[in-house]
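Visitor: I would like to learn how to read a few features of a protein model, one after another. Could you take me through them with the general idea placed before the particular case?

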Amino acid sequence: MAKLHRDLRNKEFWYRDILLVCNRLPDFERDEVDLTTKLSRNITLKTPFVSSPMDTVTGSQMAIMMALMGAIGVIHYNYETIDEQMEEVEKVKRFEAAFVKKPVVLSPKNKVEDVYQIAQKFGFYSVPITEDGTINSKLVGIITHRDVRYLETKKEMKIPLSKIMTPREKLITAPKEKTLDKNDIRAANKIIRKYNLDTLPIVDKNFRIVALVTDSDLRKNETYPLATKDENKQLKVLVAVESRLVLAKERIKRAVEAGADGIVLDASVVFKEQLEIARFAKKHFPRLEVILGNVDSGKMVEEVMKNANSIVDGLRVGIGPGAACITQEYLGIGRAQGSAVWDCSQAAKKLAKKSGFKIPIIADGGIRKPSDIIKALALGAETVMMGGLLAGLEESPGEAEFDEEKGYLVKKYRGMGSLEAMEKRGAFRYGIEKMEIKVPEGKVTKVGYKGSGYIFIHKLIAAVKQGMQKLGTRNLSTLQKIAEIIPNSLS
């Protein structure tokens, strides 16, 4: 078990207040470090990072990037409608899959412009063409990017797809019973490679489209070996849900229909109503992962698990430590994040001895640099949730703009407890949506633009691995067993 220095016991400490002591002689390379961990009871990540459900942090682009890098994203609920949030979920689930089981289809009467609209919404051009534009009728052709890539004028946008599609008699397809029914993606891949196809339609005995396999997905599999995927090779994604049962029921139902892999009950503190929502979710959708939050003490962990051990799959830890959060300074509520993670993880380990299940801890907030990640993991967290550190990435919602005062590009970053965020649905997170007076618990700020997340996260992974290498720990389990945590005299 990790050793906490006696001067840190019964004291509050932040990540900056501690250091990790090197006690081993490393005998392995940095790239041999394995960051595999548990996000929740049934979701494993190869990268222990989670993007926060904030409206300036995680939409579909962030969730896709995080999943491809072996991490995961939680899509926020601060949209005007549930439909908008579910569209973001669908974009993630459609981005990469072995078998695309719910392909978007069009009819021969649709126009080229309809293909471009699909590409703009979902990011792909390959569209099966059926008799009536639904998956219930026979496949009559297919459109791929090569069919439309040079059609750009207004006149060309109005060309019917029947004029340019590859017709049925020239299509190469694969039978459902030899591929999809057996969940055998290798058979489909062989056909794609043999005929150099962009897209392979999977059809039933009545020649109705039931799935698609694309060459681009095969290449993505090779490019992103760490990617967080489900059994159908689709990227995994979580959705944030309100802590109000009457509202959460519909959002949870829609999330399951859209293919979400889990829900995060998003509130500043765990309300008892979250337990009722968890029971509802597990009763009606037992395979859905349910993550509660937030807590900041071992006593809160014990209280949650005493009432909901079998229906909760993960816990977020942290009340008020985030860069855009003012709960601690304005309301005096919360605690130092390092202490919170240690206390909660110790309680989780103690409870695991009785129940046999150690609830995975997500250290939420206060992550400003790689050292904070390593420290949070050493203190007992399975994963870290990040907001401000990711808000400046190209994949976060919103556009980068030049700040004349700062002299560089910035992006907006706001706490969900800010009055600006509460104008939409942010107030639900703090349980004050019905109150006339809204007391803010967050602020609006700007963060420097950091460019591509694919580069940034890759560097962040390397930094965490390098720190663990210096400690002589090949994996997170070893880190949490042998870490020696001491006060930082320079803090």
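Guide: What follows goes through a sheet, a core, some charged pairs, a surface patch and a single loop residue, and it should be kept in mind throughout that this is a predicted model.

Visitor: Let us begin with the sheet; in which order do the strands of the open sheet lie?

Guide: In general, the strands of a sheet pair through backbone hydrogen bonds, and they do so either parallel or antiparallel. Here three strands form an open sheet in the order β1-β22-β2, with mixed pairing. The edge strands are β1, residues 3-4, and β2, residues 18-20, each of which pairs on one side only.

Visitor: How many bridges join β1 to β22?

Guide: Two bridges join them, and β1 runs parallel to β22, which spans residues 484-487. To place one of the pairings on the model, look for K3, whose bridge partner in β22 is E484.

Visitor: Which residues touch the most other members of the largest nonpolar core?

Guide: That core has 97 residues, and those that touch the most other members are F49, L292, I457 and I485. If we follow I485 and set aside its neighbours within four places in sequence, its contacts include A2, K3 and L4, then I18, L19 and L20, and also W342, A378 and L379.

Visitor: Turning to charge, how many salt bridges does the count come to?

Guide: Side chains of opposite charge can pair when their charged atoms come close. In this model the count comes to 27 salt bridges. One of them joins R335 to E12, with the closest N and O atoms 2.8 Å apart. Because R335 lies in the loop between α11 and α12, while E12 lies in the loop between β1 and β2, the pair ties together parts that are 323 residues apart in sequence.

Visitor: Is R335 buried or exposed?

Guide: R335 counts as buried because its relative accessibility is 18%, and the cut-off for that class is under 20%. Its partner E12 is partly exposed, with a relative accessible area of 45%.

Visitor: Which residue forms a salt bridge with K158?

Guide: K158 pairs with E113, and their closest N and O atoms are 3.1 Å apart. K158 lies in the loop between α5 and β9 and E113 in helix α3, residues 112-122, so this pair ties together parts that are 45 residues apart in sequence. K158 is partly exposed at 47% relative accessible area, and E113 also counts as partly exposed, at 24%.

Visitor: Where do E273 and R244 lie along the chain?

Guide: E273 is in helix α9, residues 272-284, whereas R244 is in the loop between β13 and α8, 29 residues apart. These two form a salt bridge in which the closest N and O atoms are 3.6 Å apart.

Visitor: What makes up the nonpolar surface patch?

Guide: The patch, of about 500 Å², is made by Y330, L331, I333, I437 and V439. I333 sits in the loop between α11, residues 327-331, and α12, residues 337-355, and this residue is partly exposed, with a relative accessible area of 45%.

Visitor: To finish with a single loop residue, which residues does A227 touch?

Guide: Not counting residues up to four places away in sequence, A227 touches A67, L68, G70 and L235. A227 is placed in the loop between α7, residues 215-223, and β13, and with a relative accessible area of 13% it is buried.

Technical notes: Residues are numbered from 1 along each chain as its sequence is written. This is a predicted model: local features need pLDDT of at least 70, side-chain atom pairs count only at pLDDT 80 or more; totals for chains, interfaces and linings use all residues. Side-chain values use heavy atoms; hydrogens and water are left out. Two strands pair if DSSP finds at least two bridges between them. Helices (H or I, at least four residues) and strands (E, at least two) are DSSP runs, numbered from the N terminus. Patches are made of residues with over 30% relative accessible area and no salt bridge: like charges are joined within 9 Å, nonpolar side chains (Val, Leu, Ile, Met, Phe, Trp, Tyr) within 5 Å. Accessible areas come from the Shrake-Rupley method with a 1.4 Å probe; for residues, only the protein chains shown count as cover. A salt bridge is a side-chain nitrogen of Lys or Arg within 4 Å of a carboxyl oxygen of Asp or Glu. Buried means under 20% relative accessible area, exposed over 50%, partly exposed in between (1.4 Å probe, protein chains only). A nonpolar core is a set of buried Ala, Val, Leu, Ile, Met, Phe, Trp, Tyr and Cys residues joined through side-chain atoms within 4.5 Å. Contact means heavy atoms within 4.5 Å.
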